[in-house]
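Work through these exercises with the model open. Each task is followed by a stepwise solution.

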Amino acid sequence: MTAVLEISGLRKIYRSRKGVRKALDGFDMVVETGQVHGFLGPNGSGKTTTLRTLLGLIRPNDGRMAILGQPVPDRLPQVAGQVGAIVESPQFFGNFSAETTLSLLADAGGVNRLRVPAVLELVGLRDRAKERVKTYSLGMKQRLAVASALLKEPRLLILDEPANGLDPGGIREMRTLMRDLSDSGMTVLLSSHILGEIQLICDSVTIISAGRRVAAGSVSEVLASHTSSTVRVRLE
Ligand code: ATP
(Lines give C-alpha, C1' and ligand atoms only; values in the text may rest on other atoms or scores of the structure.)
Protein backbone atom coordinates (compact mmCIF):
# COMPACT_ATOMS: atom_id res chain seq x y z
CA MET A 1 0.00 0.00 0.00
CA THR A 2 1.17 3.52 -0.63
CA ALA A 3 0.57 6.48 1.61
CA VAL A 4 -1.87 9.15 0.51
CA LEU A 5 -0.99 11.29 3.48
CA GLU A 6 2.18 11.52 5.57
CA ILE A 7 2.84 13.81 8.50
CA SER A 8 5.98 13.81 10.59
CA GLY A 9 7.15 15.89 13.51
CA LEU A 10 4.33 18.43 13.14
CA ARG A 11 4.48 21.24 15.70
CA LYS A 12 2.10 24.10 16.23
CA ILE A 13 2.23 26.63 19.01
CA TYR A 14 -0.55 29.19 19.37
CA ARG A 15 0.49 32.47 20.93
CA SER A 16 -2.17 34.86 22.13
CA ARG A 17 -2.70 37.42 24.86
CA LYS A 18 -3.83 34.53 27.07
CA GLY A 19 -0.39 32.89 26.69
CA VAL A 20 1.26 30.12 24.75
CA ARG A 21 -0.55 26.89 23.86
CA LYS A 22 1.32 23.91 22.38
CA ALA A 23 -1.36 22.33 20.17
CA LEU A 24 0.86 19.88 18.22
CA ASP A 25 4.02 18.52 19.77
CA GLY A 26 5.83 16.47 17.09
CA PHE A 27 2.76 14.73 15.70
CA ASP A 28 3.11 11.89 13.14
CA MET A 29 0.47 10.20 10.97
CA VAL A 30 0.41 7.97 7.87
CA VAL A 31 -2.79 7.24 5.94
CA GLU A 32 -2.61 4.44 3.35
CA THR A 33 -4.48 4.40 0.05
CA GLY A 34 -8.07 3.16 0.12
CA GLN A 35 -8.45 3.24 3.89
CA VAL A 36 -11.18 4.85 5.93
CA HIS A 37 -8.77 6.19 8.53
CA GLY A 38 -10.01 7.45 11.87
CA PHE A 39 -8.32 10.35 13.62
CA LEU A 40 -9.31 9.88 17.22
CA GLY A 41 -8.60 12.07 20.21
CA PRO A 42 -10.33 13.95 23.00
CA ASN A 43 -11.48 17.55 22.62
CA GLY A 44 -8.52 19.88 22.48
CA SER A 45 -6.00 17.17 21.51
CA GLY A 46 -5.07 18.84 18.20
CA LYS A 47 -7.23 17.18 15.52
CA THR A 48 -8.66 20.35 13.99
CA THR A 49 -5.27 22.06 14.13
CA THR A 50 -3.77 19.11 12.21
CA LEU A 51 -6.49 19.15 9.55
CA ARG A 52 -6.37 22.93 9.12
CA THR A 53 -2.58 22.81 8.88
CA LEU A 54 -2.78 20.13 6.18
CA LEU A 55 -5.12 22.30 4.17
CA GLY A 56 -2.83 25.30 4.40
CA LEU A 57 -5.21 27.27 6.65
CA ILE A 58 -2.71 27.37 9.54
CA ARG A 59 1.06 27.66 9.30
CA PRO A 60 2.93 25.05 11.41
CA ASN A 61 6.01 25.88 13.45
CA ASP A 62 7.81 22.74 12.29
CA GLY A 63 7.32 19.36 10.65
CA ARG A 64 6.80 17.77 7.26
CA MET A 65 3.55 16.91 5.49
CA ALA A 66 2.84 15.33 2.11
CA ILE A 67 -0.42 14.64 0.30
CA LEU A 68 -0.25 12.17 -2.62
CA GLY A 69 3.53 12.46 -2.43
CA GLN A 70 3.57 16.26 -2.78
CA PRO A 71 4.97 18.33 0.09
CA VAL A 72 2.34 20.64 1.52
CA PRO A 73 1.62 23.48 1.95
CA ASP A 74 4.20 24.38 -0.75
CA ARG A 75 2.67 22.12 -3.39
CA LEU A 76 -0.91 22.26 -2.17
CA PRO A 77 -2.08 23.88 -5.42
CA GLN A 78 -0.84 20.82 -7.34
CA VAL A 79 -2.99 18.43 -5.27
CA ALA A 80 -5.86 20.73 -4.29
CA GLY A 81 -8.10 19.31 -7.02
CA GLN A 82 -7.65 15.83 -5.57
CA VAL A 83 -8.50 16.70 -1.99
CA GLY A 84 -12.05 17.24 -0.73
CA ALA A 85 -12.42 18.60 2.79
CA ILE A 86 -15.04 19.62 5.29
CA VAL A 87 -13.34 21.12 8.33
CA GLU A 88 -16.10 23.48 9.40
CA SER A 89 -19.85 22.82 9.49
CA PRO A 90 -21.04 24.17 6.17
CA GLN A 91 -24.05 26.47 6.28
CA PHE A 92 -26.69 25.65 3.69
CA PHE A 93 -29.63 27.81 2.67
CA GLY A 94 -32.63 25.94 4.06
CA ASN A 95 -34.92 27.12 1.27
CA PHE A 96 -32.77 25.60 -1.47
CA SER A 97 -33.00 21.94 -2.43
CA ALA A 98 -29.93 19.68 -2.27
CA GLU A 99 -29.90 19.66 -6.07
CA THR A 100 -29.86 23.46 -6.30
CA THR A 101 -27.27 23.72 -3.52
CA LEU A 102 -24.89 21.31 -5.25
CA SER A 103 -25.48 22.85 -8.69
CA LEU A 104 -24.52 26.29 -7.34
CA LEU A 105 -21.45 24.84 -5.62
CA ALA A 106 -20.51 23.04 -8.84
CA ASP A 107 -20.74 26.32 -10.78
CA ALA A 108 -18.67 28.13 -8.16
CA GLY A 109 -16.00 25.40 -8.20
CA GLY A 110 -15.82 25.05 -11.98
CA VAL A 111 -17.31 21.53 -11.84
CA ASN A 112 -19.74 20.36 -14.53
CA ARG A 113 -23.32 20.30 -13.16
CA LEU A 114 -23.75 16.89 -14.79
CA ARG A 115 -21.77 15.48 -11.84
CA VAL A 116 -24.52 16.51 -9.36
CA PRO A 117 -26.91 13.52 -9.84
CA ALA A 118 -24.05 11.03 -9.41
CA VAL A 119 -22.96 12.71 -6.19
CA LEU A 120 -26.53 12.78 -4.87
CA GLU A 121 -26.78 9.06 -5.62
CA LEU A 122 -23.47 8.36 -3.84
CA VAL A 123 -24.59 10.01 -0.60
CA GLY A 124 -28.08 8.48 -0.76
CA LEU A 125 -29.96 11.76 -1.27
CA ARG A 126 -31.19 11.25 -4.85
CA ASP A 127 -34.80 10.57 -3.77
CA ARG A 128 -34.92 13.73 -1.65
CA ALA A 129 -32.84 15.88 -4.02
CA LYS A 130 -35.65 18.30 -4.87
CA GLU A 131 -36.79 18.87 -1.29
CA ARG A 132 -35.71 21.90 0.71
CA VAL A 133 -32.66 21.35 2.87
CA LYS A 134 -34.51 22.70 5.92
CA THR A 135 -36.66 19.55 5.89
CA TYR A 136 -33.55 17.33 6.17
CA SER A 137 -32.40 15.47 9.29
CA LEU A 138 -28.95 16.26 10.70
CA GLY A 139 -27.61 13.06 9.11
CA MET A 140 -28.92 14.12 5.69
CA LYS A 141 -27.32 17.57 6.11
CA GLN A 142 -24.02 15.89 7.02
CA ARG A 143 -24.27 13.73 3.90
CA LEU A 144 -25.03 16.82 1.82
CA ALA A 145 -21.84 18.35 3.26
CA VAL A 146 -19.92 15.24 2.20
CA ALA A 147 -21.57 15.52 -1.24
CA SER A 148 -20.27 19.06 -1.61
CA ALA A 149 -16.73 17.80 -0.97
CA LEU A 150 -17.21 14.98 -3.51
CA LEU A 151 -18.14 17.23 -6.43
CA LYS A 152 -14.59 17.41 -7.75
CA GLU A 153 -14.02 13.62 -7.44
CA PRO A 154 -11.24 13.82 -4.84
CA ARG A 155 -8.82 10.97 -4.16
CA LEU A 156 -8.57 12.02 -0.52
CA LEU A 157 -11.54 13.16 1.53
CA ILE A 158 -10.89 14.91 4.87
CA LEU A 159 -13.82 15.20 7.28
CA ASP A 160 -13.73 16.85 10.71
CA GLU A 161 -16.27 15.18 13.03
CA PRO A 162 -18.82 14.23 10.31
CA ALA A 163 -20.72 11.97 12.71
CA ASN A 164 -20.97 14.61 15.45
CA GLY A 165 -24.49 14.69 16.89
CA LEU A 166 -25.81 11.85 14.73
CA ASP A 167 -28.09 9.20 16.21
CA PRO A 168 -27.17 5.50 15.74
CA GLY A 169 -29.13 5.36 12.44
CA GLY A 170 -27.25 8.41 11.13
CA ILE A 171 -23.92 6.85 12.12
CA ARG A 172 -24.82 3.63 10.28
CA GLU A 173 -25.69 5.64 7.16
CA MET A 174 -22.39 7.48 7.45
CA ARG A 175 -20.60 4.13 7.74
CA THR A 176 -22.32 2.82 4.58
CA LEU A 177 -21.35 5.99 2.74
CA MET A 178 -17.70 5.75 3.87
CA ARG A 179 -17.58 2.05 2.81
CA ASP A 180 -18.98 2.94 -0.64
CA LEU A 181 -16.41 5.73 -1.05
CA SER A 182 -13.58 3.47 0.01
CA ASP A 183 -14.80 0.71 -2.37
CA SER A 184 -14.67 3.27 -5.16
CA GLY A 185 -10.95 3.76 -4.41
CA MET A 186 -11.15 6.92 -2.33
CA THR A 187 -9.15 7.40 0.86
CA VAL A 188 -10.98 9.01 3.77
CA LEU A 189 -9.57 10.69 6.87
CA LEU A 190 -12.28 11.18 9.45
CA SER A 191 -11.81 12.83 12.84
CA SER A 192 -13.84 12.08 15.93
CA HIS A 193 -13.56 12.22 19.70
CA ILE A 194 -15.86 9.20 20.06
CA LEU A 195 -14.28 5.76 20.08
CA GLY A 196 -17.53 3.99 19.13
CA GLU A 197 -17.86 6.04 15.92
CA ILE A 198 -14.33 5.15 14.84
CA GLN A 199 -14.93 1.48 15.67
CA LEU A 200 -18.04 1.41 13.52
CA ILE A 201 -16.86 3.48 10.57
CA CYS A 202 -13.08 3.08 10.14
CA ASP A 203 -10.51 0.45 9.03
CA SER A 204 -7.47 2.05 10.62
CA VAL A 205 -6.88 4.72 13.21
CA THR A 206 -4.37 7.18 14.60
CA ILE A 207 -4.92 8.27 18.18
CA ILE A 208 -3.77 11.72 19.22
CA SER A 209 -3.48 13.00 22.76
CA ALA A 210 -2.03 16.37 23.81
CA GLY A 211 -0.67 16.94 20.29
CA ARG A 212 1.21 13.64 20.01
CA ARG A 213 0.45 10.28 18.39
CA VAL A 214 -0.17 7.71 21.09
CA ALA A 215 -1.20 4.76 18.88
CA ALA A 216 -1.78 3.86 15.22
CA GLY A 217 -2.75 0.78 13.21
CA SER A 218 -5.83 -1.19 12.24
CA VAL A 219 -8.81 -0.42 14.46
CA SER A 220 -8.90 -3.97 15.84
CA GLU A 221 -5.12 -4.04 16.54
CA VAL A 222 -5.07 -0.68 18.25
CA LEU A 223 -8.08 -1.41 20.38
CA ALA A 224 -6.74 -4.84 21.32
CA SER A 225 -3.34 -3.48 22.37
CA HIS A 226 -4.65 -0.37 24.08
CA THR A 227 -7.07 -1.78 26.54
CA SER A 228 -9.68 0.07 28.50
CA SER A 229 -7.16 1.76 30.79
CA THR A 230 -5.46 3.72 28.01
CA VAL A 231 -7.76 4.38 25.07
CA ARG A 232 -11.15 4.39 26.67
CA VAL A 233 -10.32 6.38 29.76
CA ARG A 234 -8.44 8.95 27.77
CA LEU A 235 -11.24 9.44 25.29
CA GLU A 236 -14.51 9.14 27.08
P1 ATP B 1 -12.03 19.85 19.32
O2 ATP B 1 -12.62 18.54 18.93
O3 ATP B 1 -12.51 20.37 20.63
O4 ATP B 1 -12.02 20.89 18.21
P5 ATP B 1 -9.31 19.23 18.63
O6 ATP B 1 -8.73 17.90 18.93
O7 ATP B 1 -9.76 19.49 17.25
O8 ATP B 1 -10.47 19.53 19.63
P9 ATP B 1 -7.81 21.69 18.44
O10 ATP B 1 -9.03 22.48 18.13
O11 ATP B 1 -6.84 21.46 17.35
O12 ATP B 1 -8.21 20.29 19.09
O13 ATP B 1 -7.07 22.40 19.66
C14 ATP B 1 -5.80 21.97 20.20
C15 ATP B 1 -5.39 22.93 21.29
O16 ATP B 1 -5.06 24.20 20.72
C17 ATP B 1 -6.45 23.19 22.34
O18 ATP B 1 -5.82 23.33 23.59
C19 ATP B 1 -7.06 24.51 21.91
O20 ATP B 1 -7.56 25.21 23.02
C21 ATP B 1 -5.86 25.23 21.29
N22 ATP B 1 -6.25 26.13 20.22
C23 ATP B 1 -6.93 25.81 19.08
N24 ATP B 1 -7.08 26.89 18.28
C25 ATP B 1 -6.47 27.94 18.94
C26 ATP B 1 -6.27 29.33 18.64
N27 ATP B 1 -6.73 29.85 17.50
N28 ATP B 1 -5.61 30.07 19.56
C29 ATP B 1 -5.14 29.54 20.69
N30 ATP B 1 -5.28 28.24 21.04
C31 ATP B 1 -5.94 27.44 20.18
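**Exercise 1.** In this predicted model, sort the residues of the shell around the ligand into nonpolar, polar and charged.

*Solution.* Start with the list: Tyr 14, Arg 21, Ala 23, Pro 42, Asn 43, Gly 44, Ser 45, Gly 46, Lys 47, Thr 48, Thr 49 and Glu 161 surround the ligand. Next, sort them. Three are nonpolar, six polar and three charged. Glycine counts as polar here.

**Exercise 2.** Find polar atoms of Asn 43, Gly 44 and Thr 48 that approach oxygen atoms of the ligand.

*Solution.* Apply the cut-off: a polar contact needs N or O atoms within 3.5 Å. Asn 43 places a polar side-chain atom 3.2 Å from a ligand oxygen. Gly 44 uses a polar backbone atom, at 2.7 Å. Thr 48 uses an N or O atom of its side chain, also 2.7 Å from a ligand oxygen. Now the area. Alone, the ligand exposes 630 Å², and the protein buries 63% of that. Finally, the elements. Strand S2 (19-32) and helix H1 (47-54) each give two or more residues to the shell. H1 gives the largest share, three residues.

**Exercise 3.** Is Glu 161 buried or exposed, and where is this residue found?

*Solution.* First, locate Glu 161: the loop between strand S7 (156-160) and helix H6 (168-183). Second, check the backbone. Its phi is positive, about 50°, although Glu 161 is not a glycine. Most residues other than glycine have a negative phi. Third, check the accessibility. Glu 161 has a relative accessible area of 15%, so it is buried; the cut-off is under 20%.

Key. Residues numbered from 1 in each chain as written. Predicted model: local features only at pLDDT ≥ 70, side-chain atom pairs only at ≥ 80, totals over all residues. Heavy atoms only, no water. Near = heavy atom within 4 Å. Polar contact = N/O pair within 3.5 Å; in protein donor to acceptor, adjacent residues only side chain to side chain. Areas by Shrake-Rupley, 256 points an atom, 1.4 Å probe, with all protein chains shown as cover. Helix = DSSP H or I, 4+ residues; strand = E, 2+ residues; numbered from the N terminus. Buried < 20%, exposed > 50% of the residue type's maximum accessible area, 1.4 Å probe, protein only.
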